[in-house]
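Dear colleague,

I am passing on the structure we spoke about, and below it you will find a short account of what came out of it. Please read the two side by side.

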Amino acid sequence: MRSVRRAFDILALLSEDRPVVTLREITEATGLAKTTALRLVQTLEETGLLGSHPSGYTAGPALWRWAHLARSQWEVPQETRKVMRDLADRLGETVNLFVARGVHRICVAHEESPHPLRHVVDVGDEQPLWAGASSKILLRDASDTLLRRVAVASPQGEPHAERLRTQAAEASERGYAVSSSEWDEGLTAVAVPVTGRTGQVVASLSLSGPSHRFPYEAVERFATELAEGARLISGQGFSHPLSSST
């Protein structure tokens with residue numbers, strides 16, 4: 001298991017900003033001995049997870065194959081993307097779609113704000129369920145056990161479970177949730193539920209951006225617009241394989 005963990009640590013060094021890593025960067029980042037790192041790299045090359053590059057190592061063809069498979073299974077329908085794009089264009093802020101999985105929420109789709117200063121969340125990003133407007137929406141139908149697990153993972157610990165329950169109940173009664181600087185400093189978000197055929201929350205549709213662009217009167221309008229978008233997405237029969245509720 002240690003070797004598997006180390007292999008993932010090496011692969012995790014690759015990113016859009018760093019598409020190529022050297023053996024030296026691998027040893028410095030992981031703390032592995034050069035011989036151990038080289039052995040793991042060679043194994044990753046043999047399995048196609050890494051590929052040789054004149055400057056070091058890059059993602060191999062096996063990762064591309066897996067990424068294509070994940071995208072084909074996880075990408076949201078085009079009609080859902082259209083609803084989100086229309087909202088982003090009309091409201092001028094970033095629109096995100098989150099699903100709950102374990103004690104986290106995962107972004108499964110987003111449409112960016114047209115403003116240069118905007119909130120950016122990448123598809124696949126995980127954020128904790130103990131903070132944020134989307135979390136208050138996604139915890140609406142949460143069991144006591146899940147609320148305790150989420151609370152234990154938070155800085156406040158298990159006593160935070162009751163606060164999470166109250167926030168989720170308030171958001172359910174109001175029809176939307178709001179957060180300000182709960183997860184990212186200076187960021188405000190408004191979120192509404194996307195429901196499945198049984199009426200359970202399967203996702204949250206949110207709008208997020210710099211707090212100074214979210215005055216009280218704008219929040220009310222944003223919530224109304226988001227609710228209509230969520231109604232359309234719910235009517236399309238939205239579901240997602242990563243969601244704990246589907």
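**Overall fold and nonpolar cores**

Among contacts between residues at least 6 apart in sequence, 55% join residues at least 24 apart. Please keep in mind that this is a predicted model, in which the protein has nine helices and nine strands. The C-alpha atoms fill a box of roughly 60 × 40 × 35 Å along the principal axes, and of the 246 residues, 45% count as buried.

Turning to the interior, the largest nonpolar core has 29 residues, and those with the most contacts inside it are Leu 97, Val 194, Leu 205 and Phe 238. At least two residues of this core come from each of helix H5 (78–91), strand S4 (94–101), strand S5 (104–111), strand S8 (187–195), strand S9 (201–210) and helix H9 (216–235), with H9 giving the largest share, seven residues. Leaving aside residues up to four places away in sequence, Val 194 touches Leu 97, Leu 205 and Phe 238, and its other partners include Ala 230 and Ile 233. Apart from this core lies another, of 23 residues, among them Val 103, Ala 171, Ala 189 and Val 201. In soluble globular proteins, nonpolar side chains tend to be buried together.

As for the surface, the protein exposes about 13,300 Å², of which carbon and sulfur atoms supply 52%. The protein carries 27 positive and 30 negative charges, and the mean positions of these two sets are 5 Å apart.

With best regards

Methods. Residues numbered from 1 in each chain as written. Predicted model: local features only at pLDDT ≥ 70, side-chain atom pairs only at ≥ 80, totals over all residues. Heavy atoms only, no water. Helix = DSSP H or I, 4+ residues; strand = E, 2+ residues; numbered from the N terminus. Buried < 20%, exposed > 50% of the residue type's maximum accessible area, 1.4 Å probe, protein only. Contact = heavy atoms within 4.5 Å. Areas by Shrake-Rupley, 256 points an atom, 1.4 Å probe, with all protein chains shown as cover. Lys, Arg positive; Asp, Glu negative; His and termini not counted. Charge placed at Lys NZ, Arg CZ, Asp CG, Glu CD. Core = buried A, V, L, I, M, F, W, Y, C linked by side-chain atoms within 4.5 Å.
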